[in-house]
Amino acid sequence: MILLGETTKVFKTKDFFYNNGLVNIKQILKDEIDDLEIKIYEDRLELIFDEEKEDEIFKKMFAYLVKELNIVYRTDNNRIYYYKEQEKFIYDKKFDVKDKASGNDVKYSYSYVTPKELNKTTEQLYNECSKFCDDNGINVKECDDLFKKSNKFKEDNKCNIPIYITLEEFTNNYTEYYFKEEILKFDSKVHTFKGGDKYFNDMLKDKEYIDKWDMLIYFYGVKARKFYNMKDKDNTFIIYPNSSNLKALTRLKKDLNISEQNAKTEKDGEIIEFQTNMNMFEMFKGDGVENQYIHLSTNEEEFRLKSLLYIFSYLNSLEIKDYEEDIDTKRKKLFESIKEISFITYIDAKLKPSLVEYTQAYKLFSLFKELKKYDEDGNLYKYIFKILTAFSQNDNKEKDKGKTTTKRFCDKLLSFKDLRKEYYNLSFNLLKYKIGSLGKKLYSFESEYLKFLKRGDRIMNLHEKGKLMGEGIGKICADLDSKDLIYRIRNIKNHNQFVSYLSGLSFEILKKSEKVYVKSEFKSTLCEVLEYLSNNSDDWEVIRDYMAIYAVNKYQSVNYAKNKDNK
């Protein structure tokens, strides 16, 4: 109960960093700070405290997050300090700041003393430091860096020597550095952007200065409760959920239970640590996918798709307790709440940061749910991972050419666009490099996908005819141990060439009749397709593409079975 000089600070929704900050303050602090009451509503956060304690409350809020996230920490490297209380030099761990905007975050969080303040000269202290280094086997160059500039001693009143301080004292200095004034310059201390991104600049509405409370909220939003995946030392993929409805965002973030630590798992008695806080390995094992490297992404689109697959699987696997409704009802409400959520992907890159907002998560999750329903073990849902693996294998083979087929596939799936062309181009490369296939679930997956997109009976029918034709051609090629008929499909560039190819198939089959067996269904479909194309010339490319895809797929499966039998 807060009375006396009780005041209420109100913070309304803004951009996604800010909204996450409002929610994170409520979730992280809870009841951790005495004399502070936190209330969250759909459109605002309220902080209630004694007005006279505002500065104290503010610093406690900042310090709590710094401690919670280990933002300030001791490194494994040492440096020279002056221990004022004992009037001597010591050699101890350096401090550092996680995700620092610049070296200034560390530099200005140390405490310093000058020789003049110690009633000594720079040269006197240098000699003491040199003796300390000699006695302890430390490179004297560390003294040179402290006390000299261009081989000359620094002035007695301008030579700043770091004082030995505790982690708590360093944290307090860090707080003072961040919040020197009530109104602060809105710079890289607030966020990890380096500038130049149109979306981000628009979001800030040309703001140059910022109130310290707003800065604190941004700090909570940027630093905490986000999903990340390190691509390499210079690039980290980050994804934030966002909503203008803070209640919806709070519910989702509570259910997601976002960790601040790297995910770990045990395999063959060994602990494996991943450079991400999404334990995709363990999560997707529950979906029948066991791949230690499934979390790796080479581009933003792949990261976004895998992150949303992870979030869907996580929410779908929740054992929801302490609710009046049954689990199925509660889970249904949870998925419905996704309608109010968007996901912002942010690439913290060394050269060029970027922001993309994805607003179709509910539709995507609806697709995933349909794929899950297909059969008991959710084969069509986990088939997505097989497709991703095939595209990744292709990209590895073509990395010297700068090809990014995974990126295009993920982008089209996330945008609910036709995937046919991606399968078509991939199929010929799988055949070329002998690196796997799209598997027996391809037809079922593509059929369900087309149905979900409401492509209609015409496309569904063309898909089916293309499959029947393609599988027939693939079987013929496997029986003949020749890829010629498949590669000739790739050379077809127009309707007339396609009709000519199909018309010549009957002759090819007749010519090879002693070596191949062709089902009557294939022959009747061939006649149907030729008749259809005589009246629907614009559809030739759709049939050709599907025909090629399934021809390659069938050729690979038959060859695989033959090779297996011969072993």
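**View 1. Leucine 69 in the loop between helix 2 and strand 4 of the predicted model.** Helix 2 covers residues 54-68 and strand 4 covers residues 72-83, with leucine 69 placed in the loop that links them. The relative accessible area of leucine 69 is 5%; because buried denotes a value under 20%, this residue counts as buried.

**View 2. Contacts of leucine 69 with residues from other parts of the sequence.** When residues up to four places away in sequence are not counted, leucine 69 touches Lys98, Lys223, Ala224 and Glu260. One of these partners, lysine 223, lies 154 residues from leucine 69 in sequence, yet the C-alpha atoms of the two residues are 8.2 Å apart in space.

**View 3. An open sheet of three strands.** The strands follow the order 1-3-2 and pair in antiparallel fashion. Strand 1 (6-12) and strand 2 (37-40) occupy the edges; each has a single partner strand, so one side of each is left without a neighbour in the sheet. From one strand to the next, the twist averages 20 degrees.

**View 4. The pairing of strand 1 with strand 3.** Strand 3 comprises residues 44-50 and runs antiparallel to strand 1, to which it is joined by seven bridges. Within this pairing, valine 10 stands opposite glutamate 46 of strand 3.

**View 5. The chain as the setting of the close-ups.** The chain contains 22 helices and 17 strands, and 50% of its 567 residues count as buried. Among contacts with a separation of 6 or more, 69% involve residues 24 or more positions apart. The chain exposes about 29000 Å², of which carbon and sulfur atoms supply 44%.

Terms used: Residues numbered from 1 in each chain as written. Predicted model: local features only at pLDDT ≥ 70, side-chain atom pairs only at ≥ 80, totals over all residues. Heavy atoms only, no water. Pairing = 2+ DSSP bridges. Helix = DSSP H or I, 4+ residues; strand = E, 2+ residues; numbered from the N terminus. Axes fitted to C-alpha atoms, helices over the stretch in contact; angles between N-to-C directions. Buried < 20%, exposed > 50% of the residue type's maximum accessible area, 1.4 Å probe, protein only. Contact = heavy atoms within 4.5 Å. Areas by Shrake-Rupley, 256 points an atom, 1.4 Å probe, with all protein chains shown as cover.
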